[in-house]
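Hello, and thanks for sharing this one. Here are some notes from a colleague's read-through, set out so that you can follow along in your viewer.

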Amino acid sequence: MSAEKADAPRAVIVISSHVARGSVGNRAAVFALETLGFPVWAVPTVTLPWHPGHGRATRIVPPLDQFKALMADLERAPWLGEVGAVLSGYLGEAGQAEAVASLVAAVKARTPDAVYICDPVMGDSGGLYVPEPTAAAMRDRLMPIADIATPNRYELEWMAGAPLPDLKSVISAALHAGPSTMLVTSAPSMMSGGTGNLLLDGTQALLAEHRLIDKPPNGLGDLTAAVYLARILSGQPAIKALQSTTAAVYEILARTAKRGGDELQLETDAQSLSHPMAMVQLRHLTHPGRDRRA
């Protein structure tokens, strides 16, 4: 690593949910980023005892005025120059989106090449699991300012307002979603019995596929966004970052499933974050904006 690279801002501000038990939201993202060598400033948007998918749970959302005040403190923090990226995920309410956008602007004003990655956590195949105004705030306020977005296919469908049954439709929707780089999880697979991560930027369309595992634990999207961000901040090209991120997340998922875990067991499989051994199928797809294959 060059001296210039070593001195570059490396801290990441992660803004998402916090659970006491489990590996979702900030619990997944912070663990992954710190394990991969990045200091993290963690901001909870909501606090819960566990993921609501495990059963009813107390939900503590900070009062909006206090959340905005905390975010404003971070904007004027004397250490803001340490920050090289912002990752936002689940929001506790729609009003938090404006405070996230303001903080992103402050980070970029201090470090113009800082990366903002938006994981618009709003739903899955069962539909939205946040109120529609919160989903709309992510779509309308945060997606347009993101450098990278990591929706799952169902979130992209909601934002596009149309079903996305195949790769062609997913690629088209991703191209019109706003951010210059889109990493769509749960994308249609060309592999029988598989699922994929689709990466689309200005020059290439890439699909990383692996076998589908039934009833996976929650947190895969949070983990994917954090690991991909770490790969990019480490200087990996997009194709390698996609392949190694997909391999790492799939390996952790497969090992957790084999043990019968109901939460991703990140602490047990931390080595998989940095040195995944799982094989994934990588395909180069035709990019609609290019006359030839990427």
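The numbered points below go from the annotated region to the sheet, then to a few individual residues.

1. Please keep in mind that this is a predicted model. For the region 83-260, the UniProt record, an unreviewed entry, lists "domain: Pyridoxamine kinase/Phosphomethylpyrimidine kinase". Over those residues, helix makes up 44% of the chain and strand 21%. The C-alpha atoms at the two ends of the region are 38 Å apart.

2. The sheet is a good place to get oriented. Nine strands form an open sheet with mixed pairing, in the order E2-E1-E3-E4-E7-E8-E9-E10-E11. Its edge strands are E2 (40-48) and E11, each of which pairs on one side only.

3. Next, have a look at E9 (residues 194-200). How many of the residues of E9 are buried? Seven of the seven are, so E9 is largely enclosed by the rest of the structure. The cover extends to both faces: Gly194, Gly196, Leu198 and Leu200 are buried on one side, and Thr195, Asn197 and Leu199 are buried on the other.

4. On one side, E9 has E8 as its partner, and the two run antiparallel with four bridges joining them. Leucine 183 is the residue opposite leucine 199 of E9. Six residues lie between E8 and E9 in a hairpin, and in its turn glycine 193 has a positive phi of about 70°.

5. E9 also pairs with E10, again in the antiparallel sense, over seven bridges. The connection here is a hairpin of four residues. Two pairs to pick out in your viewer are leucine 199 with its bridge partner leucine 206, and glycine 196 with glutamate 209, which stands opposite in E10.

6. E10 (residues 205-211) is mostly covered too, with six of its seven residues buried. E10 continues the sheet to E11 (residues 281-285) through five bridges, in an antiparallel arrangement. Leucine 206 has histidine 284 as its bridge partner in E11. You can therefore trace a row across the strands by starting at leucine 183, which stands opposite leucine 199, then stepping from leucine 199 to leucine 206, and ending at histidine 284, the partner of leucine 206.7. Among the helices, H5 (residues 132-142) has a buried set made up of Thr134, Ala135, Ala136, Ala137, Met138 and Leu142. What covers these residues? The cover includes strands E3 (83-88), E4 (115-118) and E6 (127-128), along with helices H4 (96-110) and H6 (153-160).

8. Helix H6 also holds glutamate 155, and this residue may interest you when you look at charges. Glutamate 155 is buried but has no salt bridge. Which side chain of opposite charge is nearest to glutamate 155? That is arginine 153, at 11 Å. A polar atom of the glutamate 155 side chain does lie 3.0 Å from the backbone nitrogen of methionine 122. Leaving aside residues up to four places away in sequence, glutamate 155 touches Pro120, Val121, Met122, Gly123 and Tyr129.

9. Finally, two backbone angles are worth a glance. Most residues other than glycine have a negative phi. Serine 186, in strand E8 (residues 181-187), has a positive phi of about 55° although it is not a glycine. Is serine 186 buried, partly exposed or exposed? Its relative accessibility is 29%, so serine 186 counts as partly exposed.

10. Lysine 215 also has a positive phi, near 50°, and is a residue other than glycine. Its place is in the loop between E10 and helix H8 (220-233). With 81% relative accessibility, lysine 215 counts as exposed.

Methods
Residues are numbered from 1 along each chain as its sequence is written. This is a predicted model: local features need pLDDT of at least 70, side-chain atom pairs count only at pLDDT 80 or more; totals for chains, interfaces and linings use all residues. Side-chain values use heavy atoms; hydrogens and water are left out. UniProt positions are given in the numbering used here, feature names are shortened, and annotations may be inferred rather than shown by experiment. Buried means under 20% relative accessible area, exposed over 50%, partly exposed in between (1.4 Å probe, protein chains only). Contact means heavy atoms within 4.5 Å. Lys and Arg count as positive and Asp and Glu as negative; His and the chain ends are not counted. A salt bridge is a side-chain nitrogen of Lys or Arg within 4 Å of a carboxyl oxygen of Asp or Glu. A polar contact is a pair of N or O atoms within 3.5 Å; within protein, one must be able to donate a hydrogen and the other to accept it, and residues adjacent in sequence count only if both atoms are side-chain atoms. Two strands pair if DSSP finds at least two bridges between them.
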